[in-house]
Amino acid sequence: MRVACQQDQLHRGLSAVSRAVPARSVLPITQHVLVEADEGRIKLSATDAETIAITYTIPATVAQSGAITMPSRLLSDFVATLPRDEIEMNLAERSRQVSLSCARNAASIGGMDPDEFPPIPPVEGSGAIAIEADRLRQALDHVVFAAATDDSRPVLTGVHFAIGAASIRLAAADGFRLAVYELELPAGAPQEREVIVPARALGELARLLPEAEQPVTMTVNAAQTQVLFDLGHATLVANLIQGTFPNYQQLIPASSATRTEVSVGEFRQETRLASVFARDGSGIVRLTATPGDAGSPGRLLVTARAEEVGNNEGEIDAIIAGEEAKIAFNSRYLIEVLNVITTDRVAIETSSPSAPGVLRPVGDDRYVHVVMPMFVQW
Amino acid sequence: MTIPSPIPRRIAHFDLDTFFVAVERLKDPTLVGQPVLVGGRGPRSVVATASYEARVFGCHSAQPMTQALRLCPQAIVVPPDFASYRTASEGFHAVLREASPLVESVGLDEAYADLTGIGVAADGPREAAEAARRRVRGELGLAVSVGIAGSRTVAKVASDRAKPDGVLDVPVGGDAVFLAPLPLRDLPFLGPRAEERLRAAGVRTLGQLAQLDERWLLATFGSHGLGLARRARGIDPEPVHSDARAAVSVSREVTFGEDVTDLDRLRQVLRAHAEEIGADLRASERRARTVTLKARWPDFTTFTRGATFGQPLQTTEQLSSAGASLLDQLFVQEGRHPVRLIGLGATNLVEDAVQLGFEDGRLLHDQQLDRAIDEIRDRFGNDALWRGLAPRRRWR
């Protein structure tokens with residue numbers, strides 16, 4: 001293998017695929033990146049051999065095609081630090097030593113047999129779905145953070161895709177909150193089905209999407225065990241999570257006693273302020289919604305207190321329908337959902353201090369977020 | 001140049017007089033002047049408080065009700081009403097907290113207050129105590145006796161001797177002189193056994209106890225003996241702990257009369273501990289992140305095991321099942337043993353708040369159940385109801 005490419009492109013490619021490299025693994029080769037040079041391009045691949053594989057292709061001048069694996073961390077760190085110039089890679093086939101040179105730097109890195117690298121399965125199936133990259137990214141931003149991070153219920157570490165004829169309904173829940181986003185498919189989907197994609201893989205996909213210059217195609221294999229997201233220059237393959245996703249529709253309250261509409265920016269700001277004080281006390285933020293009377297607007301009081309430290313109280317204008325309401329939430333849960341809402345205003349629907357609260361962006365009915373309150377003494 | 005003399009330490013012990021009876025008399029003035037016994041009427045009930053009129057006949061608290069009624073058949077028996085006592089107690093403590101920044105509650109009807117340096121004149125502490133007494137009398141209609149001295153021990157002895165409805169201000173530096181003529185049993189924490197040993201050695205008064213040879217005390221009572229003698233001299237550096245610094249743990253333990261091998265019995269006892277700890281946590285609006293188990297074998301080997309939870313616990317059910325699994329764990333690790341002592345503790349206490357989950361219907365149900373039970377017990381006493389302990393269902 002003899003190949004030349006640009007430092008910035010190789011750096012970007014290595015950063016992208018290295019996200020699939022596991023922190024620890026019983027399989028040492030999974031700590032490596034597979035580098036394949038062929039037909040005017042270098043294809044970089046990495047996988048944890050368990051749930052996720054990422055490939056990334058960059059243009060290159062290929063004098064002699066070939067393949068090798070190199071330690072991901074070492075290669076990434078080295079390339080990241082090189083000047084922005086052309087990098088040449090030469091593989092000594094027998095010793096599996098790669099010599100890299102860039103400007104006046106030269107290095108030699110020991111590789112491993114590319115045939116030992118865990119094969120990334122080809123994902124082929126009927127019914128690929130084309131999704132505009134920006135819209136997919138927006139959908140992922142709205143739900144991925146709500147997925148569970150602990151493995152006690154594996155299905156909850158994934159995002160549920162309910163693929164319908166004209167939309168995909170994405171849902172994630174972790175036992176305390178639920179996020180549901182309706183992603184419209186102007187081009188439609190050829191086949192209705194349900195899959196659970198690991199949230200971690202989708203988080204990586206979301207990082208790759210801003211670079212995508214064409215619609216992303218999503219393909220599920222016939223056995224419904226794997227999904228491929230093809231961005232053109234990059235691909236991401238994930239093993240689907242097997243199991244039944246809970247029936248989350250029943251978690252969305254059908255009615256509410258109080259609807260409080262506020263500015264997203266103001267509410268986020270007050271919640272952040274309160275969270276500074278709430279840090280010691282399990283992040284508790286208390287909300288009190290007081291309806292206005294003739295002429296004066298209602299108000300939402302956002303308070304937090306830290307035992308033996310102090311307290312914080314902030315007030316924002318609100319349009320309140322229904323009765324006065326009191327409810328407490330974990331500040332992190334509020335901030336995370338307020339960070340992804342893109343509309344100016346949000347409605348908070350509540351029924352009692354121990355019943356779930358519902359947040360909906362005003363004027364955008366694609367998104368629903370349900371969050372369980374904290375039980376507190378008022 | 002003169003060195004200012006240090007401000008003398010002044011500790012006050014406030015003790016409401018026949019508290020339960022006094023509250024009952026506020027509710028029903030016809031009880032005034034009558035012999036009143038607060039307590040249940042059941043065959044195993046005991047007297048919670050006896051009015052002074054009943055005490056004349058030999059009635060006293062902790063006495064079996066049947067015995068009290070034999071001594072004073074004309075006594076009026078009133079069932080306890082803890083909700084009223086709690087309200088009155090809160091008012092009492094609120095007055096004290098305005099009198100001093102450092103108040104430590106030691107029960108519904110008792111509290112220590114550090115009055116050191118209060119007021120400008122030398123008798124500032126006494127004036128502050130008198131003012132508090134007047135407020136408790138005026139605002140709550142209750143009589144409170146106060147002892148003021150240089151330490152908690154002496155203040156408590158003094159308040160006892162100030163009863164009924166009096167103030168005893170032990171002069172600064174006069175603590176030892178004040179205690180010297182008093183009988184042994186007046187000293188707090190001097191138990192009947194120690195009293196017996198001391199009497200056998202010819203000791204009758206606190207003054208005599210104060211003079212005893214330290215080596216003899218050490219040999220007879222261990223280090224506890226030295227503490228007794230020191231306190232008999234009026235020396236007790238224990239500060240008044242502000243209630244603002246809330247309890248750091250709640251625990252219950254029991255030593256069995258006979259060692260217990262039956263696992264169901266041990267779990268039952270843990271459950272009873274959990275009931276009490278849970279009620280304490282709920283009353284003080286706290287939750288525990290950590291649950292600890294303490295167990296002692298007959299040979300006095302003692303083990304503690306703990307478990308810490310992401311979501312803080314409070315319900316009887318949670319505490320009791322945490323305790324039961326710690327016990328299982330201990331027996332797996334150390335082998336099954338007969339148990340001499342078993343205790344359960346809740347530590348790492350945090351604010352009474354918990355993140356609810358979508359599937360926490362059970363938790364909310366348990367919380368409501370616990371609160372309902374607490375309320376019934378507050379009103380009718382601890383024995384008013386107990387959880388059914390169907391052996392099959394309890395320990396799934």
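In this predicted model, F267(A) is a busy spot: setting aside neighbours within four places in sequence, this residue is in contact with V262(A), L287(A), L300(A), V302(A), I316(A), L334(A), L338(A), V346(A), I348(A) and L359(A). F267(A) also turns up among the residues that touch the most other members of the largest nonpolar core, a set of 102 residues, alongside I42(A), L140(A), F161(A), M218(A), F229(A) and L300(A). The biggest helical or strand share of that core comes from helix α4 of chain A, residues 199-208, with 6 residues. Apart from this core lies another one, made up of 31 residues, including L16(B), F20(B), I118(B) and I148(B).

Turning to the strands, chain A has an open sheet of 8, ordered β6-β2-β3-β4-β17-β16-β15-β10, with antiparallel pairing. The edges are taken by β6 (66-71) and β10 (129-131) of chain A; each has a single partner strand, so one side of each goes without a neighbour in the sheet. On average, and ignoring direction, neighbouring strands here are turned by 20° against each other. Within the sheet, β3 (residues 41-47) and β4 (residues 52-59) of chain A pair in the antiparallel sense over 7 bridges. T47(A), for one, has A53(A) of β4(A) as its bridge partner.

Two helices lie across strands of this region. Helix α1 of chain A (residues 7-18) lies across β2 (32-38), β3 and β4 of chain A, and runs at about 170° to β4(A). Helix α2 of chain A (residues 72-81) lies across β2 and β6 of chain A, with an angle of about 90° to β6(A).

How values were computed:
Residues numbered from 1 in each chain as written. Chains lettered and ligands numbered in written order. Predicted model: local features only at pLDDT ≥ 70, side-chain atom pairs only at ≥ 80, totals over all residues. Heavy atoms only, no water. Core = buried A, V, L, I, M, F, W, Y, C linked by side-chain atoms within 4.5 Å. Buried < 20%, exposed > 50% of the residue type's maximum accessible area, 1.4 Å probe, protein only. Helix = DSSP H or I, 4+ residues; strand = E, 2+ residues; numbered from the N terminus. Contact = heavy atoms within 4.5 Å. Pairing = 2+ DSSP bridges. Axes fitted to C-alpha atoms, helices over the stretch in contact; angles between N-to-C directions.
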